Amino acid sequence: KKIRYAAVGLGRISCQHFMPGTKLGQYGEITGLVSGHPDKAAKFAAEYGVPQKNIYTYETYDQMKDNPDIDAVYIGLPNNMHAEYTIRAAQAGKHVLCEKPMANTPADCRAMIDACHKANRKLMIGYRCQLEPTFIQARKMIQDGVIGKVWAIEAANGFNIAPNEWRSDAKYAGGGPLMDVGIYSLNACRWLLQEEPKDISAHSYVDPTDPRFKGVEETIGWVMTFPSGAIATCNTTYGASQEGFTRLHGSKGVLEIFGYGYDGIHMSLRSKPAVEAPQPDMNKDPHQFLVESDYFSRCILDNKEPGPNGEEGLRDMQAIARIYAAAKKA
Ligand code: NAD
C-alpha cells in the first residue's frame, strides 16, 4: 500500500524536490494537487497522472475531505500559510507533512499540533537533515563519545537573496534568514546535542537602504548555552553567500558537517585516537526527499510517531522567538 499525497503549493520545493522524490520512493505517490494556478496544476497533473477531480484550489481545499484518493498533504507554501493549511487538512481527515519552519509563531505551532491530535492524524515537519545519513551518523558518533564531551559548536547557513522574494517580507516569512536557513543551524545544534537551549543572546542588523528587506533582519548572530555546558555560536544572513556548516568541538576531537544541501552532506573528523569519518551515500537530489516522503509514509502505515514531529517544530519556533526577543533587547 502507498500513501497518496496531495502537494499543496506548486512552488520550488514541491515541484523540484518533494514530488520527484516521492515518485522515486516506494511508499508514496502524488495523487492530488492544490494550486491557485490552473495552468501550473494542469502541467503537473499530466506529469504525475493526477485526474482533474483531484485538483483543488485554496478555496475548494476543504472538499478534499470527501476524496478517498488522498491520504496526506505535503505543504510547500510560504511560512505564514503553514498553520492554516495544516489545520484545514487535519479537519479534512488528512495526515500532514509540513515544510519548515513549522509556522510563524509558537501559538500557531501549538494550534497545528492540537488540530492533528484532535483529528487523530500524523503531523511531521520537513526536517530532512534529521533523516539524512551523514547527520544520523554524526549524531551517533557524538552519542558514542568519539569526540568526547562537546563544549563548543559553530554553525552558519545563509545566502544572498534575490529581490522581491516573499522570504524577505515579514508578513509572509515571519522573519528573515533565521526562519528560512538559520533554522538548520538551530535544529542541528539541538538535535545533535539532544538538549534544549538554556540562555540565548543575539544581535541582528539590516541595511536600512536595502529595498529587499521588509520588516525582517538581513543578518542575525546568536549564542545558545546548553545545560551540559556546551555553547553554540550561530549566524545566518540574506546579504552574502554564506557556506553552511556545523562544527562541533569536543574534548577528544572536532567533527564538522559540511552543508545542509540537497546533493549530499559530508563530514570530517579529527579525533584522538584517530577514527576515520564515515562518508555515507551521497544522496543526490531528490534522494533526501525520497527518504523523507517514504519515512512519513511508513509512519502513517505503521502508526508510528515521526521523529521530526510537531513538538520538534514547536521547540525550534520557541527558540526562534527567544532569539528574536534577545536581538530586539540587545
Ligand atoms: P516558492 O515561492 O517557490 O513556492 C511557494 C508556493 O506557494 C508557490 O507555488 C506559490 O504560488 C504558492 N502560494 C500560494 N499562495 C501564495 C501567496 N499568497 N504568496 C506567495 N506564494 C503563494 O517557495 P519554496 O521555496 O518552495 O518554499 C516553500 C516552503 O518550503 C517554505 O516554507 C520554505 O521554508 C520551505 N522550504 C523547505 C526546504 C527544505 O529543504 N526543507 C527548501 C526550500 C523551501
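What follows is a short walk through the fold of this chain, from its overall build down to one sheet and the ligand shell. The model is a predicted one.

Taken as a whole, the chain holds 9 helices and 13 strands. Its radius of gyration comes out at 20 Å, close to the 20 Å that the globule rule gives for 330 residues, so the chain is as compact as a globular protein of that length. Laid along the principal axes, the C-alpha atoms fill a box of roughly 60 × 45 × 35 Å.

The domain assignment splits the chain in two. Domain 1 is put together from two stretches, 3-128 and 288-309, while domain 2 covers 133-282. Between the C-alpha centres of domain 1 and domain 2 there are 26 Å. Where the two domains touch, domain 1 puts in 9 residues and domain 2 also puts in 9 residues. On the domain 1 side of that contact, 5 residues are polar, 3 are nonpolar and 1 is charged.

Next comes the sheet. Here 7 strands line up in the order 8-9-10-7-11-12-13, forming an open sheet with mixed pairing. At the edges stand strand 8 (200-205) and strand 13 (266-271); each has a single partner strand, so one side of each is left without a neighbour in the sheet. On average, and ignoring direction, neighbouring strands in this sheet are turned by 10 degrees against each other.

Within the sheet, strand 7 (residues 150-158) and strand 11 (residues 242-250) run antiparallel and are joined by 7 bridges. Looking at one residue, Ala-156 has Phe-245 in strand 11 as its bridge partner.

Helices pack against these strands too. Helix 7, made of residues 177-193, packs on the sheet and touches strand 7, strand 9 (219-225), strand 10 (231-237) and strand 11. The direction of helix 7 makes about 155 degrees with that of strand 7. Helix 5, residues 133-143, lies across strand 7, strand 11, strand 12 (253-258) and strand 13. Against strand 12, helix 5 runs at about 165 degrees. Strand 7 and strand 11 thus turn up in the contact lists of both helix 5 and helix 7.

Finally, there is the ligand. Around the ligand sit 16 residues, and those that come nearest are Gly-9, Gly-11, Arg-12, Ile-13 and Glu-99. Sorted by class, the shell around the ligand has 6 polar, 5 nonpolar and 5 charged residues.

Conventions
Residues are numbered from 1 along each chain as its sequence is written. This is a predicted model: local features need pLDDT of at least 70, side-chain atom pairs count only at pLDDT 80 or more; totals for chains, interfaces and linings use all residues. Domain bounds come from an automatic or database domain assignment. Two residues are in contact if their C-beta atoms, placed from the backbone, lie within 7 Å. Ala, Val, Leu, Ile, Met, Phe, Trp, Tyr, Cys and Pro count as nonpolar, Asp, Glu, Lys and Arg as charged, and the others, Gly among them, as polar. A residue is near a molecule or strand if its C-beta atom, placed from the backbone, lies within 6 Å of it. Two strands pair if DSSP finds at least two bridges between them. Helices (H or I, at least four residues) and strands (E, at least two) are DSSP runs, numbered from the N terminus. Axes are lines fitted to C-alpha atoms, for helices over the stretch in contact, and angles run from 0 to 180 degrees between N-to-C directions. The radius of gyration is taken over C-alpha atoms; the globule rule is 2.2 Å times the number of residues to the power 0.38.
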